[in-house]
Number of protein chains: 2
Amino acid sequence: MRRSTPKKKHATLADIAASAGVTPMTVSRVVNGNGYVSAETREKVLHAVSAMNYRRNGLARGLKRQRTDTIGLVLGDIANPFAAELARAVREVMLGRGYNVFICVSEHSAREDIAAFESLADHRVDGVIVATRANKLGNDRLAEMIEGGIPVVLIGRDFRHPNADLIAADNLRGGYDATTHLIALGHKNIGFIGVTPTSGVGLRRYHGYLEAMREHGLKVDERHIVGRADDGDQWPGYSTETMGYEGMKKLLALRKRPTAVFARNDFTAVGAMSAAKEAGLKIPQDVAIVGYDDVPLAAHTTPPLTTVRQPTREQGQIASEALLRRMESAETPAREERVMPCELVVRGSTLAE
Amino acid sequence: MRRSTPKKKHATLADIAASAGVTPMTVSRVVNGNGYVSAETREKVLHAVSAMNYRRNGLARGLKRQRTDTIGLVLGDIANPFAAELARAVREVMLGRGYNVFICVSEHSAREDIAAFESLADHRVDGVIVATRANKLGNDRLAEMIEGGIPVVLIGRDFRHPNADLIAADNLRGGYDATTHLIALGHKNIGFIGVTPTSGVGLRRYHGYLEAMREHGLKVDERHIVGRADDGDQWPGYSTETMGYEGMKKLLALRKRPTAVFARNDFTAVGAMSAAKEAGLKIPQDVAIVGYDDVPLAAHTTPPLTTVRQPTREQGQIASEALLRRMESAETPAREERVMPCELVVRGSTLAE
DNA sequence: ACCTTTTCCGTTAACGTTAACAGGTTTTGC
DNA sequence: GCAAAACCTGTTAACGTTAACGGAAAAGGT
């Protein structure tokens, strides 16, 4: 029979100091490895430290030092391989420079976006990388934070501020290239799956598509553009296979079907492929499909998915370095804006062998 | 031309107090909404607060209050939809109860596991949910943490401690059911893709497979078991489509091929399907394939993937509630261990229509 | 031998917040 | 009308740490 035991309290510097017969300051010097401490004293202290299972209190330490050696990373959809890869890259750079990374997730809603910013700001992280989609309220709060002096770097968020750097992939060009690829293959009726009105401005990929169509003198049929009408506070995350599936079904129900489809991302594209195959269509003969992001899965669909690769790792690295610059220089440095090129990856879903 | 501007400092309670002509304590009462403050004073204070862009210092607050209203969630592979869904569920419960959630990622290496624990412990989170795979060093450090008094709940981590709850899916039974399903369909030569020696004990799914085979008097051909020999410090995350692809190729190269394959998870299964199709095999006629996890994608492969669904959301919720219990009761409660049932989801990759 | 440098460790005073207490004033209850 | 309750604000003393400084002993240089 187990019975409840009373809670323990953490040992403090003073506890260790008392136990080792020195002052707290000496213990502090030992655990932080700075200042002069004799080998003998160090030994005594370390002994007490491990005997009492001491861990320094980061709150007190942070309060005193006015820095926490911690940065925040705000991600939207955590299930997206893009976000995962970004997190990996950021973590790698930051850990190497002695910073911990705390991730906050806001499933693309303004309220949660703000909650994430505030909780990071409250915990006095030394800097924040924001990779969520733009929204009015979130942008306002973000601006306050930046003006409050917290170093901020944005990744792919359509929001500009003189004291925040912006790193983004060239989604406009990527969308343009993907569409141009389809046009070059002879397609004239090209659909787009996955416009979301709320993030209208942010959907550069869609604008790239429109631009390519216009530039090649092709008419865009309104009915060939599908998306979710109202996704106000929803997460559009990895469940978008379903979104792509349903979008494709809508397109296939039309009298005049598109012969090619550009999907806003790979998941949507996979869903679209699934719907097309279900309808008995051959890919790419009956309908060609292009995705975006080049998730690992894309190489393993049947047929393998043509897609646009964005330099995820590089974006994370560049953002991290920009943040380090902001955090570690005494003056706030001049703003940096980087747009990274994307690369079309042609596979079987557009080009039969 | 932009020039660098000197850094700002955060306003403190004292600054606001001075500006509003009151004491810091009064400001504290206003910003926290407790204690009595006259409407008039509150007005003055709030005015100063927004004028000076004040945010309370969570470090000082946490230090004084001896709690941070924050919990940590340690995830292994962030790209895995399972982890993402788990995070979502945990966040939902915790936000509703007034806690922030910080996520730490450790890509399945002991060193990073430990780093995550320590950084969370240092920041004095009120509790931690750990959902990474077990490893010796990490377990030891975790035990210290638990004994140091931090409330800890484990999800699917094969590690037991009298002061930490354990929530897990019944992977043994799930593996057993998946294999039994294949056996019931008449398969006798069933392969398994994705054993990793390092996590040998943890791979309950594999043991379920072995058990089902044994119980039905089927011999397990050593060569039908594939996995990565040495993944010491690697991430086995979402890139495992490749792992499944390569595993399947090995199986297909054998003289005596298995007629069915059970893959450790859906990504591995997708890779396996890709390899099988490339070899000109029909699924499920020539080879049947079962995955595990029921990721959203599984319903959209061709053919749709038979898989085992684990109650992800429920695991997150139950773990959260267990943690809340540990955090909010004065005594440390008795240990709880929950094993959640999994559910076989039969689709086209094993059963032709 | 004497001065400088290095080593070692203690003291003091914050960092920004809030719990606890205390002292007033106003309202309420009967 | 008067005690009790509710209201409003201030004072004090931590929470656990470390920067800055100071003093004394040991080591090093000439």
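This note goes through the chain pairing, the DNA surfaces, two helix contacts and some backbone details of a predicted model.

1. Basis of the note. Because the model is predicted, local features need pLDDT of at least 70 and side-chain atom pairs count only at pLDDT 80 or more, while totals for chains, interfaces and linings use all residues. Residues are numbered from 1 along each chain as its sequence is written, and chains are lettered from A and ligands numbered from 1 in the order in which they are written.

2. Relation of the two chains. A turn of 180° with a shift of 0.0 Å along the axis lays chain A on chain B with an RMSD of 0.1 Å, the superposition being by least squares on the C-alpha atoms of residues with pLDDT of at least 70 in both copies. That is the relation of a two-fold axis.

3. The contact between the chains. Chain A and chain B each put 55 residues into the contact, where two residues count as touching if their C-beta atoms, placed from the backbone, lie within 7 Å. The side of chain A that touches chain B has 22 nonpolar, 18 polar and 15 charged residues; here Ala, Val, Leu, Ile, Met, Phe, Trp, Tyr, Cys and Pro count as nonpolar, Asp, Glu, Lys and Arg as charged, and the others, Gly among them, as polar. The copies meet through the same surface, because 100% of the interface residues of chain A are also interface residues in chain B.

4. The surface near DNA strand D. Of the 26 residues around this strand, A:Leu13, A:Ser28, A:Asn57, A:Ala60 and B:Lys64 come nearest, a residue being near if its C-beta atom, placed from the backbone, lies within 6 Å of the strand. Helix α4(A) gives the most to the surface near DNA strand D, with five residues (helices are DSSP runs of H or I with at least four residues, strands are runs of E with at least two, and both are numbered from the N terminus). By class, this surface has eleven nonpolar, nine polar and six charged residues.

5. The surface near DNA strand C. Here 25 residues surround the strand, and the closest are A:Tyr36, B:Leu13, B:Ser28, B:Asn57 and B:Ala60. The largest share of the surface near DNA strand C, five residues, comes from α4(B), and its classes are eleven nonpolar, nine polar and five charged.

6. Helices α5 and α12 of chain A. Helix α5 (residues 81–96) and helix α12 (residues 312–328) pack at an angle of about 40°, with their axes 8 Å apart; axes are lines fitted to C-alpha atoms, for helices over the stretch in contact, and angles run from 0 to 180 degrees between N-to-C directions. The two are therefore oblique to each other, given that angles under 35 degrees count as roughly parallel, over 145 as roughly antiparallel, 65 to 115 as roughly perpendicular and the rest as oblique.

7. Helices α10 and α11 of chain B. The axes of α10 (residues 240–252) and α11 (residues 266–278) come within 6 Å and cross at roughly 45°, which makes α10(B) oblique to α11(B). The residues of this contact divide into ten nonpolar, seven polar and two charged.

8. Backbone details. A cis peptide bond joins A:Thr302 and A:Pro303, with omega about -10°, and A:Pro303 is found in the loop between β10 (288–290) and β11 (307–309) of chain A. In chain B, a cis peptide bond joins B:Ile283 and B:Pro284, with omega about 10°.
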